Amino acid sequence: MSTVLILNGPNLGRLGSREPEKYGTTTHDDLVAEAMQWGSDLGLEVVVRQSDSETDLVHWLHEAVDSEWHVVINPAAFTHYSYALRDACALLPSAGLSIVEVHLTNPATREEFRHTSVISGVATGTIAGFGVDSYRLALEAISARLH
Ligand code: DQA
């Protein structure tokens, strides 16, 4: 069975109470439960981790490469400026693994600084604007690429 590591960046641990008018009322724990269910429906093992630290996210991306896990990543604010995260994300496609960038909101419709993603250029693809469903769509995209 293929494994997909879902990584959530800074402030996403506050889902449910963080600006619910933008990010919705689903908590991070709810998201974990839903993602595990979507994974099991698709025959994928899903592991979900969240950190506010760039270092943790980079190390987990290295672990994904070494373990041959596909990745779904919501880099949150790091999307817009973290070259360290971009370089770590770039390791996946060159190892034959999928990496899907996801966002709950559509950053292109928001403040100017959110219009730049330093991650998109190395991702297999990006899904944005569908709330927590962005994660389901990302898992479906990875599953479709595997079959
Ligand atoms: C986000 C969009 C980012 O601009 C923001 O910094 C986030 C969440 C999203 O999921 O819509 O923290 O990645």
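Biologist: Hi! Which ligand atom does the backbone of L104 lie 2.8 Å from?
Modeller: An oxygen atom of the ligand; the partner is a backbone N or O atom of L104, at 2.8 Å. A polar contact here is a pair of N or O atoms within 3.5 Å.

Biologist: And how far is the side chain of H103 from a ligand oxygen?
Modeller: An N or O atom in the H103 side chain is 2.8 Å from an oxygen atom of the ligand. A77 has a backbone N or O atom 3.2 Å from a ligand oxygen.

Biologist: How much of the ligand's accessible area does the protein cover?
Modeller: The protein covers 99% of the 320 Å² that the ligand has on its own. Those areas come from the Shrake-Rupley method with a 1.4 Å probe.

Biologist: Before I go on, what sort of model is this?
Modeller: A predicted one, where local features need pLDDT of at least 70 and side-chain atom pairs count only at pLDDT 80 or more, while totals for chains, interfaces and linings use all residues. Residues are numbered from 1 along each chain as its sequence is written, and side-chain values use heavy atoms, with hydrogens and water left out.

Biologist: Thanks! Which residues surround the ligand?
Modeller: R18, Y23, N74, A76, A77, H80, H103, L104, T105 and R114, each with a heavy atom within 4 Å.

Biologist: Switching topic, how many helices and strands are there?
Modeller: The chain has 6 helices and 5 strands, taken as DSSP runs (helices H or I, at least four residues; strands E, at least two). Along the sequence the pattern is β-α-α-β-α-β-α-α-β-β-α.

Biologist: And what does the C-alpha trace span?
Modeller: About 35 × 30 × 25 Å along its principal axes.

Key. A polar contact is a pair of N or O atoms within 3.5 Å; within protein, one must be able to donate a hydrogen and the other to accept it, and residues adjacent in sequence count only if both atoms are side-chain atoms.
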